[in-house]
Amino acid sequence: MKLAVVILNWNGQKLLEKFLPSVVAFSKESDIYIADNASTDNSIEFVRNKYPIIKIVKNVENGGYAKGYNDALKHIDADIFCLLNSDIEVTENWLTPIIDIFNTEPNTAVIQPKILDYKNKSQFEYAGAAGGFIDKYGYPYCRGRIFDTIETDKGQYNDTAEILWASGACLFIRREVFNDLEGFDASFFAHMEEIDLCWRAKNSGYTIKYVGASTVYHVGGATLTTLNPKKTHLNFRNSLYTLTKNATGPIFLKILVRLLLDGIAGIKFVVEIKPKHTLAVLKAHFSFYGHLSKLLKQRKQLKNKVKYYERTSIVMDYFVNRKRHFKNLGK
């Protein structure tokens with residue numbers, strides 16, 4: 001089984017300087033690629049000079065995470081792609097348990113390792129933690145992270161478990177599945193495209209897993225921080241896109257409830273004196289309305305739609321019922 005670790009880069013020389021050493025040291029079982037999104041800094045020259053073993057694929061434009069990977073992966077020959085953020089430190093033997101699962105479980109199409117916080121290595125990291133889920137109205141949450149509550153790693157997620165979505169910070173996927181699904185939805189640009197991809201894989205009958213025996217450390221927010229209204233816009237917009245395309249059953253009531261809940265979030269931003277974030281939510285909704293016809297057409301093209309949620313509303317669980325940890329959600 002041929003594995004390629006593919007790191008998407010855009011003007012990220014400092015990140016590559018910091019995090020490539022662990023990837024090179026602990027990824028002997030794979031080929032390593034830099035997929036460059038038309039960088040204008042010296043990052044590619046740095047890689048060529050410092051790590052000649054690393055292969056480089058140059059995209060002609062910065063198409064964001066989604067289009068960037070779609071364009072680059074067409075030029076990479078591997079059975080398994082590992083899509084790895086440039087701000088991740090990997091650990092010794094991080095690939096072994098992942099490869100074992102792919103070798104023994106042919107229906108497992110996507111895998112995520114344990115993702116801990118690089119800045120506080122005893123805690124899970126926001127973007128993916130110990131594997132992702134979705135509530136009825138399309139809000140994502142993770143084992144180890146619900147909204148802004150992040151758990152300390154005490155070995156509670158050292159298991160292997162089936163999940164709904166794997167984090168794009170470190171996502172392994174079979175090449176044939178990625179191609180069958182026609183890759184990421186490029187209209188997302190960045191954020192939530194991995195949830196959409198995984199959901200489509202799930203609807204196509206594939207299994208998605210979290211493997212706690214593999215650990216990586218993620219800085220998070222290296223490209224866009226939570227303080228950036230653009231990130232708020234992309235998250236709210238793309239989450240609506242994902243729900244509309246992939247959810248089971250009648251969709252319009254779910255969309256209506258979701259829009260109302262988003263409106264409450266917008267009001268919360270006003271109270272917190274974050275008017276730019278409120279505006280970002282409004283812009284996300286108007287963008288959604290403009291693309292609704294296209295999204296509904298994409299919805300019709302999907303294969304089987306599976307039951308996707310365990311929780312009716314993670315918003316209600318978290319903010320009203322005060323359930324802040326994954327273990328409490330079933331109570």
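This report covers the overall build of a predicted protein model and then two of its residues, K114 and V306.

## Overall build

The protein chain holds 10 helices and 13 strands. Its radius of gyration is 19 Å, close to the 20 Å that the globule rule gives for 331 residues, so the chain is as compact as a globular protein of that length. Along the principal axes, the C-alpha atoms fill a box of roughly 55 × 40 × 40 Å.

Long-range pairing runs through the contact list. Take the contacts between residues at least 6 apart in sequence: 76% of them join residues at least 24 apart.

## Burial, surface and charge

Of the 331 residues, 57% count as buried. The protein chain exposes about 14,800 Å². Carbon and sulfur atoms supply 54% of that area.

Charged side chains number 45 positive and 34 negative. The centres of the two sets lie 6 Å apart.

## K114: a lysine in a strand

K114 sits in strand β6, which spans residues 108-117. Its relative accessible area is 5%. The cut-off for buried is under 20%, so K114 counts as buried.

Which side chains make polar contacts with the side chain of K114? D153 is one of them, at 3.2 Å. N158 is another, with a polar contact of 2.5 Å between the two side chains.

D153 and N158 also appear in the wider contact list of K114. Residues up to four places away in sequence are not counted there. The list also holds F124, A129 and Y157. It is completed by Y210, V211, G212, S214, T215 and V216.

## V306: a valine in a loop

Where is V306 found? It lies in the loop between α9 (275-301) and α10 (314-320). Its relative accessibility is 25%. Partly exposed covers the range between under 20% and over 50%, so V306 counts as partly exposed.

Neighbours within four places in sequence aside, V306 is in contact with K202, N203 and T248. V306 and L3 are 303 residues apart in sequence. In space, their C-alpha atoms are 29 Å apart.

## The two sites side by side

K114 belongs to a strand, whereas V306 belongs to a loop. K114 is buried, while V306 is partly exposed. The contacts of K114 include Y210 and V211; those of V306 include K202 and N203.

Key:
Residues numbered from 1 in each chain as written. Predicted model: local features only at pLDDT ≥ 70, side-chain atom pairs only at ≥ 80, totals over all residues. Heavy atoms only, no water. Helix = DSSP H or I, 4+ residues; strand = E, 2+ residues; numbered from the N terminus. Buried < 20%, exposed > 50% of the residue type's maximum accessible area, 1.4 Å probe, protein only. Contact = heavy atoms within 4.5 Å. Rg over C-alpha atoms; globule rule 2.2 N^0.38 Å. Areas by Shrake-Rupley, 256 points an atom, 1.4 Å probe, with all protein chains shown as cover. Lys, Arg positive; Asp, Glu negative; His and termini not counted. Charge placed at Lys NZ, Arg CZ, Asp CG, Glu CD. Polar contact = N/O pair within 3.5 Å; in protein donor to acceptor, adjacent residues only side chain to side chain.
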